[in-house]
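Trainee: I would like to learn how to read a structure one feature at a time. Could you walk me through this one?

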Amino acid sequence: MEARGRLSLRVCGLLAGTALAASVALGAAAPAARATAGISTAGISTASPAGPSGVGASSAAVENAATGRLLWSRGLNTERPMASITKVMTALVVIRAGRLDRRVTIPAAVTGYVRAHNASSAGLRPGDKLTARQLLYALLLPSGADAAYALAKAYGPGLAAFVATMNAAARQLGMKRTHFSNFDGLPYPTSYSNYSTAANLLALGRAAMLLPAFRAVVDQRGYRLAAGSGHHAYRWTNLNPLIGHYPGAIGIKPGYTRAAGQCLLFEATRNGHFVIGVTLHSPGSIAAISRADATRILNWAFSHLTLP
């Protein structure tokens with residue numbers, strides 16, 4: 001069932017027989033998106049009522065990143081699956097924990113995990129030893145679920161403990177309508193068990209972009225790691241469709257599942273202005289990540305921020 005048109009329905013429980021899902025779901029209820037019509041004006045004092053035209057996302061929002069002033073939104077507080085934007089919180093938890101130069105051994109289980117979930121992968125080789133800092137590139141650029149698994153296992157320590165820390169961090173950031181059932185945004189234990197809102201994801205994006213270690217990764221078009229002591233060579237490309245294509249884009253993370261649709265948390269700068277935005281359930285498939293909605297939103301936001 002798609003996110004559109006589902007009202008107040010909550011999907012509960014775990015998929016039977018999935019041991020990993022049972023360990024990380026934490027017994028939380030999992031809502032489908034609760035569709036809302038029109039444009040939310042909550043918290044907006046000076047935004048244009050028209051907003052950007054042609055935006056296809058079911059939920060979207062944009063704000064002045066420097067001040068936190070909301071410029072425009074649609075479905076601001078509608079709970080929706082957020083796909084791999086989840087990995088922004090994974091990175092935030094790791095960076096806050098510190099010790100980014102610690103070496104993490106890639107568990108043998110990552111290969112089967114990626115295969116079982118048909119997940120995006122950084123191609124990590126079991127047994128390789130990489131620093132947590134290097135794994136952040138594997139996590140955030142090619143959206144490696146294998147990197148998310150390795151980091152969660154190392155920093156939890158253990159998967160369930162790591163997910164619990166993610167949810168604690170969400171509460172600390174005031175993300176009251178967010179729940180993490182896993183560390184990578186994959187649709188388990190259900191397609192709607194890992195969810196957030198446009199408003200909550202803006203808060204997450206602001207917090208992450210305040211971290212130099214995070215910013216240093218997400219504005220890169222790619223990253224090459226030469227073979228070294230204890231690991232193979234790797235080359236990772238940033239899947240963010242704005243990086244290298246939209247002038248001033250500086251991050252941060254796309255995602256996709258069938259239930260979530262195309263999702264993008266993004267930030268860009270122009271003429272001294274910094275704008276952060278998010279789109280959830282934009283049209284399109286995993287085959288071609290679109291920057292159309294984000295481009296329309298950013299162009300509109302910058303045009304309004306530069307008005308006299």
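Trainee: Let me start with one residue: is Tyr256 buried, partly exposed or exposed?

Mentor: Before we begin, keep in mind that this is a predicted model. Buried means a relative accessible area under 20%, and exposed means over 50%. Tyr256 has a relative accessible area of 23%, so Tyr256 is partly exposed.

Trainee: Where does Tyr256 lie, and which residues is Tyr256 in contact with?

Mentor: Tyr256 belongs to strand S11, residues 249–257. Setting aside neighbours within four places in sequence, its contacts are Ala83, Ser84, Gly261, Gln262, Gly284, Ser285 and Ile286. Take Ser285 from that list: Tyr256 and Ser285 are 29 residues apart along the chain, yet their C-alpha atoms are separated by 7.6 Å.

Trainee: Now a serine: is Ser193 buried or exposed?

Mentor: The same cut-off of 20% helps here. Ser193 has a relative accessibility of 4%, so Ser193 counts as buried. You can find Ser193 in the loop between helix H6 (159–172) and strand S8 (195–196). Its side chain makes a polar contact of 3.0 Å with the side chain of Ser181.

Trainee: And strands? In which sense do S3 and S4 pair?

Mentor: In general, side chains in a regular strand alternate between the two faces of the sheet. Here, strand S3 (residues 59–64) pairs with S4 in the antiparallel sense, over four bridges. Ala60 stands opposite Arg74 in S4. The hairpin of S3 and S4 has five residues between the strands, and Gly68 takes a positive phi near 80° in this hairpin. As for cover, five of the five residues of S4 (residues 70–74) are buried.

Trainee: Which residues have the most contacts inside the largest nonpolar core?

Mentor: They are Met89, Leu124, Leu135, Phe183, Phe214 and Trp236, in a core of 74 residues. Look at Phe183: not counting residues up to four places away in sequence, Phe183 touches several residues, among them Thr86, Tyr113, Leu159, Phe162 and Met166. There is also a second, separate core of 21 residues, and Ala60 from our hairpin is one of them, as are Ala249, Leu264 and Phe302.

Trainee: Last one: how many cavities of 30 Å³ or more are there?

Mentor: The idea is that rolling a probe the size of a water molecule over the atoms shows where empty space is left. A search of the whole structure finds three such cavities. The largest has a volume of about 70 Å³. Its lining includes Gln262, Leu264, Thr279, Ser282, Arg291 and Asp293. Strand S12 (261–270), strand S13 (273–282) and helix H9 (292–305) each give two or more residues to that lining.

Conventions
Residues numbered from 1 in each chain as written. Heavy atoms only, no water. Buried < 20%, exposed > 50% of the residue type's maximum accessible area, 1.4 Å probe, protein only. Pairing = 2+ DSSP bridges. Contact = heavy atoms within 4.5 Å. Polar contact = N/O pair within 3.5 Å; in protein donor to acceptor, adjacent residues only side chain to side chain. Core = buried A, V, L, I, M, F, W, Y, C linked by side-chain atoms within 4.5 Å. 1 Å grid on protein atoms, 1.4 Å probe; cavity = no way out; pocket = protein on both sides within 12 Å on 5 of 7 lines; lining within 4 Å. Points joined across faces, edges and corners; volume = space filled by probe spheres on them.
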